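Biologist: I am new to this structure and would like a close look at a single part. Please take one helix, say what surrounds it, and then set it beside a few other parts.

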Amino acid sequence: MTIPRLRFAPSPTGYLHIGGARTALFNWLWARKTGGVFVLRIEDTDTQRNSRESVDAIFTAMRWLGLDWDEGPQDGDDLGGGPHGPYFQSKRLELYRQFADRLIASGHAYRCYATKEEIDAQRMALPEKQRDGFRFVSPWREKTAELDRPHVVRFKTPTTGEVVIDDMVFGAIKTAVSTVQDFILIRENALPLYNFGCVVDDITMGITHVARGRDHIINTTPQILLYQALGEAIPAMAHLPMMMATKSEKLSKRHGAVSVTEYRDQGYLPDGLLSYLVRFGWAHGDDELFRKERLIELFDWSKVSKSDGVYDFKKCRAINQKFLAKMTTDDELRLGVVPFLRARGLAVRDDHPRLADAIRTVRERSETLVAMADALDYYFRAKPEMDEAAAQKFFTAESAVPLQNLSEFAEANVRDRADFEGGFLEEHTRLDALFRAFVAERGLEMKALGQPARVALTGRTASPDLASVMLVLGPAVSALRLREAAERAAASPSATTDGPTTP
């Protein structure tokens, strides 16, 4: 039985686009599900736009997503690991020349010496209405002369018949060969055009399955003609539905936030992003959250849809929030959020004694790790960054004594983490009951005390519940922040004028 071999072949002309990541994911999933081989190949024949930085960006993005490759280039090794290298097209030019010569010798290709001026003249000789559909007819098609002049190599397209793509998603796709002109295989500069380089590489790398966006259907017809002319087996084809920016506009690099590494930098989780991307063309009921191991188990071409989808950044963010809240372990979140805390100037280690409990209080609300780091900020500063407008609004004469009393309550009732008799939830239940009793005994309204206390403890008007915040901060820090807020409230203009009110 043939071992499936699949590939992802990006062009290094920029970052890895999320549409490319979706394509890589589908190929990777089938390779992993079947015990096959996943090949990374760099199609770098666009010499004007290629860059090493883009190659490195592709490596970085693929590794962050967890889409490892079995064969392909590695850092500092352009030849790459595996028996079918080099894995950069720019280092395979002799191979393309050999295949072109093979097609010329068999009568399936020819050297075309026509100049640009000759081609333009043939186009301009047509009535104006026919020029948009111009198909060049080369005078060299039936000639075998080999001249010492610049030339391209063209494929000699059959004049009759049709090509049938047996597609795993769309079924039989038929195209009349009369719609295909004699396309160029190799330019004058010896570089292959996409269709030729792609076919030669897939043949010599033993690729058995090719999955890519349905916009490549137009390329698949000439590629099948090349396979047939070379007498080679045609890989199984799967054309995937498109990721669209709108119902009529293809998602492209000019649309914001489409770089995989940009999502990484915004604090998305790799599996959170993949959970959203995989549903562009594939579904498992109404399930939205997947770890890669589960996707490998479930993935099948029969579940791939034909329908395009519009990329929804808000939905992507919501899926990431759900994944963060429901699918990640405490250890994953500790390791994941620490770099973003450090980016905020906080010297927090992933083994910080308060970190796990702090994460527990904010994970349900956080859409990304960046948002989580922001929500955790006040737990790890000596003093919270104060919202001054909120402080002026809530640190008033009426709040001075309640804040002081709450400071004393915290000192007496909040335990250090080492003194918890049970887990965080049990300790929260105990402290929350005591806090509510404290409020009731003094005849306070929670809304009157809640906001001054929240601003005192966190510097913000929105936070987890007060019992949770105090448990994470501990008795000493909680009491200090509340006491300092009480002193500020007592010294406020309203306190100077009216004096504090004792409950």
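**Helix H17 and its surroundings**

Modeller: The buried residues of H17 are covered by parts that include helix H14 (388–394), helix H15 (397–413), helix H16 (424–441) and helix H18 (466–490). The model is a predicted one, and what follows is read from it.

H17 covers residues 446–458, which makes 13 residues. At 1.5 Å a residue the helix should span 18 Å, and its end C-alpha atoms are 17 Å apart, which agrees. Most of H17 is covered, with 10 of its 13 residues buried. These are Leu449, Gly450, Gln451, Pro452, Ala453, Arg454, Val455, Ala456, Leu457 and Thr458. After H17 comes Gly459, which has a positive phi, near 80 degrees.

Helix H5 can be set beside it. H5 takes in residues 194–204, and 9 of its 11 residues are buried, so the rest of the structure largely encloses this helix. Its buried residues are Asn195, Phe196, Gly197, Cys198, Val199, Val200, Asp201, Asp202 and Ile203. They pack against two helices, H3 (93–105) and H6 (217–230), and against strands S1 (5–8), S9 (184–186) and S10 (209–213). H5 is followed by Gly206, where phi is positive, near 70 degrees.

Strand S9, one of the elements packed against H5, also belongs to an open sheet of 3 strands. The order in that sheet is S5-S6-S9, and the pairing is antiparallel. S5 (109–112) and S9 are the edge strands, each with a single partner strand, so one side of each has no neighbour in the sheet. From one strand to the next, the twist averages 40 degrees. S5 and strand S6 (residues 152–155) run antiparallel and are joined by 4 bridges. Ala109 stands opposite Phe155 in S6.

A loop residue completes the tour. Thr368 sits in the loop between helix H12 (355–362) and helix H13 (369–376). Its relative accessible area is 1%, and because buried means under 20%, Thr368 counts as buried. Leaving aside residues up to four places away in sequence, Thr368 touches Gln266, Gly267, Tyr268, Arg317, Asn320 and Leu324. A polar atom of the Thr368 side chain lies 3.4 Å from the backbone nitrogen of Val370.

To return to the starting point, H17 is mostly buried, and helices H14, H15, H16 and H18 are among the parts that cover its buried residues.

Notes. Residues are numbered from 1 along each chain as its sequence is written. Side-chain values use heavy atoms; hydrogens and water are left out. Buried means under 20% relative accessible area, exposed over 50%, partly exposed in between (1.4 Å probe, protein chains only). Contact means heavy atoms within 4.5 Å. The expected span of a helix is 1.5 Å times one less than its number of residues. A polar contact is a pair of N or O atoms within 3.5 Å; within protein, one must be able to donate a hydrogen and the other to accept it, and residues adjacent in sequence count only if both atoms are side-chain atoms. Two strands pair if DSSP finds at least two bridges between them. Axes are lines fitted to C-alpha atoms, for helices over the stretch in contact, and angles run from 0 to 180 degrees between N-to-C directions.
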